[in-house]
Amino acid sequence: MHVDWSALGQVAAVSLGVTLAVVVVFTLGVLGLSRAEGSGTGGSAVGRAQAALCFLACAAVVGYGIWLIVPQFH
Amino acid sequence: MDHITFLVAVVIVTALAFDFTNGFHDTANAMATSIATGALKPRTAVLISGVLNIAGAFLSTEVAKTISGGIVDDAQVTPVMIFAGLVGAILWNLLTWLVGLPSSSSHALFGGLIGAVWVGAGSHAVHFDKVVDKVLIPAVASPVVAGVAALAATYLAYRLTARARRDAVTKGFRLGQVASASLVSLAHGTNDAQKTMGVITLTLISAGALGQDAGPPVWVIASAGLAIGLGTYLGGWRIIRTMGKGLTEIHSPQGFAAETASTAVILTSAHLGFALSTTQVASGSILGAGLGRRLAEVRWGVAGRMALAWLITLPAAALVGGLAASVVKHGGNVGTVVIALVALALAATIFALSRRNPVRAGNVNDHHEVTVRHPAPAHAGPAA
């Protein structure tokens, strides 16, 4: 019997890393939004920029996910 | 097309029926948390999920090849065995749906096939090492990985947003949930629709309509995608209730963390060719997300029942599949018809039982329990 432990380990490590990265970045984006809505003009611009940057990064990961699903892209 | 006999046609219809039950059994995986947190309206959620399932089916056929050429010896499998295996899988799926348990459709399918092939061709035709390597180990590992990832992500999300405004946070994560749930649906379509494609392809190979190691033809991909998409759209509300409300009370940051963890696990393992169970991954994620929020209540009774269902899914489906195979083996065509009729009757009975206490789009979020008993007289409507 052959169990591919390295592939399993890879799945575990990559899944954990990607999940944490996406959730943290998205949370920072949400915080940016919350800041933009809550404060005056100065904080609002910074918050909005932070949110835009973070959501863009998450969108990129989603794009990569779709790329992974579709073998025609490889 | 002269290879497609009556029996092969029956098998293909049964396979599509299984695909349909797979769809409504597994809607919850992608959408339960979004429905529970109010990120999506129930009807909208199942529509999005159904459409993306169909889209997903067309995108990839990688797993379809590993199923038909993996756990059982293709050369010894007859359409009759596949039929018996599918009957086992369908009945197990319907039974677990009735009691609202999110068991694995993939394990039901594998179990049914293993039982039927074992009885039909002998134990040597089942590749048990492949079963352990490709099915059992991912089944144990994947929910744990997803659960740990969701737990850590939930914890971080709550830590980071501790001082932010609640309403802005809730709104933000709800939007994120829509995206992550959609990706789970897409991945589910590629994963699970492929299993049916694999089974139909296996049937066509065994009937001689396709060469050994052939890929699924376009009409197989299209019908499998449609069947799972329709099933998903119909919505397995009983299971959605258990996963969205029963395990733990889910808030939108948890929902987002859980769905992200599910997507990550499903995509990375699909990429490496593991045929894992979306259901187990999603349940693991939800449990992890429940634990990650401090003081969040996890109903361990529900989790325990679910784990028990996972353990017995494969053997139970194997038992039904084996039983069906032995009837068909000794009874020939008459046996096939008898099994088909018995299966239909049982399916109708299960559906009738579900009508006693129906769960629909309108009442899915009202309770956290799914029961088969009649609701209390005070609430019983004339149409229930």
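This is a short guided tour of a predicted model with two chains, A and B.

Residues are numbered from 1 along each chain as its sequence is written, while chains are lettered from A and ligands numbered from 1 in the order in which they are written. Because the model is predicted, local features need pLDDT of at least 70 and side-chain atom pairs count only at pLDDT 80 or more, whereas totals for chains, interfaces and linings use all residues.

**Stop 1: all of chain B**

Select chain B and colour it by secondary structure. You will find twelve helices and zero strands, where helices (H or I, at least four residues) and strands (E, at least two) are DSSP runs numbered from the N terminus. Read along the sequence, the pattern is α-α-α-α-α-α-α-α-α-α-α-α. The C-alpha atoms of chain B fill a box of roughly 65 × 50 × 30 Å along the principal axes. The radius of gyration of chain B is 20 Å, which agrees with the value near 21 Å for a compact globule of 384 residues; it is taken over C-alpha atoms, and the globule rule is 2.2 Å times the number of residues to the power 0.38.

Of the 384 residues of chain B, 59% count as buried. A residue is buried if 20 or more other C-beta atoms lie within 10 Å of its own, exposed if 12 or fewer, and partly exposed in between, with C-beta atoms placed from the backbone. Two residues are in contact if their C-beta atoms, placed in that way, lie within 7 Å. Among contacts in chain B between residues at least 6 apart in sequence, 88% join residues at least 24 apart.

**Stop 2: chain A**

Now switch to chain A, which has two helices and zero strands. Of its 74 residues, 32% count as buried. UniProt, in an unreviewed entry, lists residues 12-33 and 45-70 of chain A as "transmembrane region"; positions are in the numbering used here, feature names are shortened, and annotations may be inferred rather than shown by experiment. Select residues 12-33 of chain A: the span is 100% helix, and its end C-alpha atoms lie 32 Å apart. Residues 45-70 of chain A are 96% helix, with end C-alpha atoms 37 Å apart.

**Stop 3: where the chains meet**

Show both chains together. Here 42 residues of chain B are in contact with 31 residues of chain A. On the chain B side, the elements that give two or more residues are helix 6 (128-160), helix 7 (166-206) and helix 10 (252-271). Helix 6 of chain B supplies the largest share, 14 residues. By class, this side of chain B has 28 nonpolar, ten polar and four charged residues. Ala, Val, Leu, Ile, Met, Phe, Trp, Tyr, Cys and Pro count as nonpolar, Asp, Glu, Lys and Arg as charged, and the others, Gly among them, as polar.

Next, pick Ala149(B). Which residues does Ala149(B) touch, not counting those up to four places away in sequence? They are Ser15(A), Leu16(A), Thr19(A) and Leu20(A), together with Ala261(B), Ala264(B) and Gly288(B).

**Stop 4: the nonpolar core**

Keep Ala149(B) selected and add Met31(B), Ala84(B) and Val87(B). Of the 137 residues in the largest nonpolar core, these four touch the most other members. Such a core is a set of buried Ala, Val, Leu, Ile, Met, Phe, Trp, Tyr and Cys residues joined through C-beta atoms within 7 Å.

In helix 1 of chain B, select Ala30(B). Ala30(B) is buried because 31 other C-beta atoms lie within 10 Å. Ala30(B) touches Ser49(B), Ala181(B), Val184(B), Ser185(B) and His188(B), not counting residues up to four places away in sequence. Try a distance too: Ala30(B) and Ser180(B) are 150 residues apart in sequence and 8.4 Å apart in space, C-alpha to C-alpha.

**Stop 5: two covered helices**

Move on to helix 9 (residues 237-246) of chain B. Ten of its ten residues are buried, so helix 9 is largely enclosed by the rest of the structure. Those buried residues, including Trp237(B) and Arg241(B), pack against helix 1, helix 4 (79-98), helix 11 and helix 12 (300-354) of chain B.

Follow that packing to helix 11 of chain B, where 14 of 15 residues are buried.

**Last stop: Phe58(B)**

Finish on helix 2 (residues 42-59) of chain B, which holds Phe58(B). Is Phe58(B) buried or partly exposed? Phe58(B) is partly exposed, because 16 other C-beta atoms lie within 10 Å. Phe58(B) touches Ile221(B) and Gly225(B), not counting residues up to four places away in sequence.
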